[in-house]
Amino acid sequence: MTDTYGPPAIEDADWVDWLVIFNERARDFIGEIAQETAGSEDPRALSAKFAIAARALTLIRSVLVLLQNEEQLAFRIMARGIIECAMHMESACTTAEYLPILYDDDKASRISRGKLLQKTTELSEEANRELQQFVMGDGENKRKSLNIGELSKGSNFPRFQLFYRQISADAEHVTWTSLCRHPQETYDRVSLALDPQLEDEEMFDTISLIALAGMTVVLHLRHSLEITANEVQFSALGRRYIELYRDGVAEFRERHKDGDPGTRSEDFPIRKR
């Protein structure tokens, strides 16, 4: 390991540096994602945990590209997927019913799509008969779709569910709130922004939740696999996260005291000034 990503560099990192370091070191923190799972007590459960981690790290790499290109709305939208991974990882590592819940959700989704296919597509008699058998099932109990709120009950990080729903409402889905981001009013006209900027506090919430979600995914996997390698660097990232988060909370507390309603700008200190 070079000194570039040792504790001194981490301790001086801003938010963007933190994400870059985490992205580049994540594989070292959890070992080889494709490692053998057949010898474990529950290979399917372990495989699911690795898959959740791989998905989260893929999304984190993507949000860094969006951040570099200053695509802030897309950055916030993709943050929701990383938060979702953290919620799933926490459940996978703490709830014995996680895989059955996931299987049920997958089957319920397939059945729902099968019914829609029957209504919208002209199938051959044989294909329709086979699809009908699948949709009707074999006398099984009705499959239940996954409820993200139920999945995250008892979570140590209630902020995940809050911001998962918040980002769903104000960015991910087409809602009145999300649509209101695009009209930009000036003194003489209203224009439409194709890539509207986030408000400062939204940017802080987004980048800090991405960091927390990434740490949560990796921490749970390290505990599950009893990995202790690179603990110094991983702990240093955790400490720096806490410092950055507390600094941000303090800054916005002061802004609110001064009556600052928040701005859409590039001035939020995700990078060192």
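Let me start with helix α10, residues 200–225, where 21 of the 26 residues are buried, so this helix is largely enclosed by the rest of the structure. I should say at once that we are looking at a predicted model, and everything I describe this morning should be heard with that in mind. As for the length of α10, its 26 residues should span 38 Å at 1.5 Å a residue, and its end C-alpha atoms are in fact 38 Å apart, so the expected and the computed spans agree.

Just after α10 the backbone does something that deserves a moment of attention, because E226 takes a positive phi there, of about 55°. The general background is that most residues other than glycine have a negative phi. E226 is a residue other than glycine with a positive value, and it sits in the loop between α10 and α11, the latter being residues 231–257. Is E226 buried or exposed? At 70% relative accessibility it counts as exposed, since the cut-off for that word is over 50%.

Now to a partner of α10, which is helix α4, residues 72–94. In general, two packed helices are described by the angle between their axes and the distance between the axes. For α4 and α10, the axes come within 8 Å and cross at roughly 30°, which makes α4 roughly parallel to α10. The crossing in which α4 passes α10 is left-handed. If we sort the residues of this contact by class, we find 15 nonpolar, seven polar and three charged residues.

Helix α4 itself, taken alone, has 23 residues and reaches 33 Å from its first C-alpha to its last, which is close to the 33 Å expected at 1.5 Å a residue. How many of its residues are buried? The count is 17 of the 23, so α4, too, is largely enclosed by the rest of the structure.

There is a second packing partner to mention for α4, namely helix α8, residues 158–172. Here the axes are 9 Å apart and the helices pack at an angle of about 150°, which makes α4 roughly antiparallel to α8. Again α4 passes its partner, α8, in a left-handed crossing.

Going back along the chain from α4, we come to the loop between α3 and α4, and in that loop is E70. Its phi is near 60°, which is a positive value in a residue other than glycine. With a relative accessible area of 44%, E70 is partly exposed.

That brings me to helices α2 and α3. Helix α2 covers residues 15–30, and its 16 residues should span 22 Å at 1.5 Å a residue, a figure that agrees with the 22 Å between its end C-alpha atoms. Even so, α2 contains a kink of about 45°, centred on E24. Which residues of α2 are buried? They are W15, V16, W18, L19, I21, F22, R25, A26, F29 and I30. On helices in general, there are 3.6 residues a turn, so residues three or four places apart point the same way.

Helix α2 packs against α3 at an angle of about 155°, with the two axes 10 Å apart, and that makes α2 roughly antiparallel to α3. The crossing of these two helices is left-handed. For a pair of positions to look at on screen, take R61, which has its place in α3, residues 43–68, and L19, which is among the buried residues of α2. R61 and L19 are 42 residues apart in sequence, yet 9.0 Å apart in space from C-alpha to C-alpha. R61 is exposed, with a relative accessible area of 54%.

A similar pair can be found further along, starting from F134 in helix α6, residues 125–136. F134 and K107 are 27 residues apart in sequence and 10.0 Å apart in space, again from C-alpha to C-alpha. F134 counts as partly exposed, at 31% relative accessibility.

Finally, let me step back to the whole chain. The secondary structure comes to 11 helices and two strands, and from the N terminus on the elements run α-α-α-α-α-α-α-α-α-β-β-α-α. Of the 273 residues in the chain, buried residues make up 40%.

Conventions:
Residues are numbered from 1 along each chain as its sequence is written. This is a predicted model: local features need pLDDT of at least 70, side-chain atom pairs count only at pLDDT 80 or more; totals for chains, interfaces and linings use all residues. Side-chain values use heavy atoms; hydrogens and water are left out. Axes are lines fitted to C-alpha atoms, for helices over the stretch in contact, and angles run from 0 to 180 degrees between N-to-C directions. Helices (H or I, at least four residues) and strands (E, at least two) are DSSP runs, numbered from the N terminus. Angles under 35 degrees count as roughly parallel, over 145 as roughly antiparallel, 65 to 115 as roughly perpendicular and the rest as oblique. A crossing is left-handed if the near helix is turned anticlockwise from the far one by less than a right angle, and right-handed if clockwise. Ala, Val, Leu, Ile, Met, Phe, Trp, Tyr, Cys and Pro count as nonpolar, Asp, Glu, Lys and Arg as charged, and the others, Gly among them, as polar. The expected span of a helix is 1.5 Å times one less than its number of residues. The bend at a residue is the angle between axes fitted to the seven residues ending there and the seven starting there. Buried means under 20% relative accessible area, exposed over 50%, partly exposed in between (1.4 Å probe, protein chains only).
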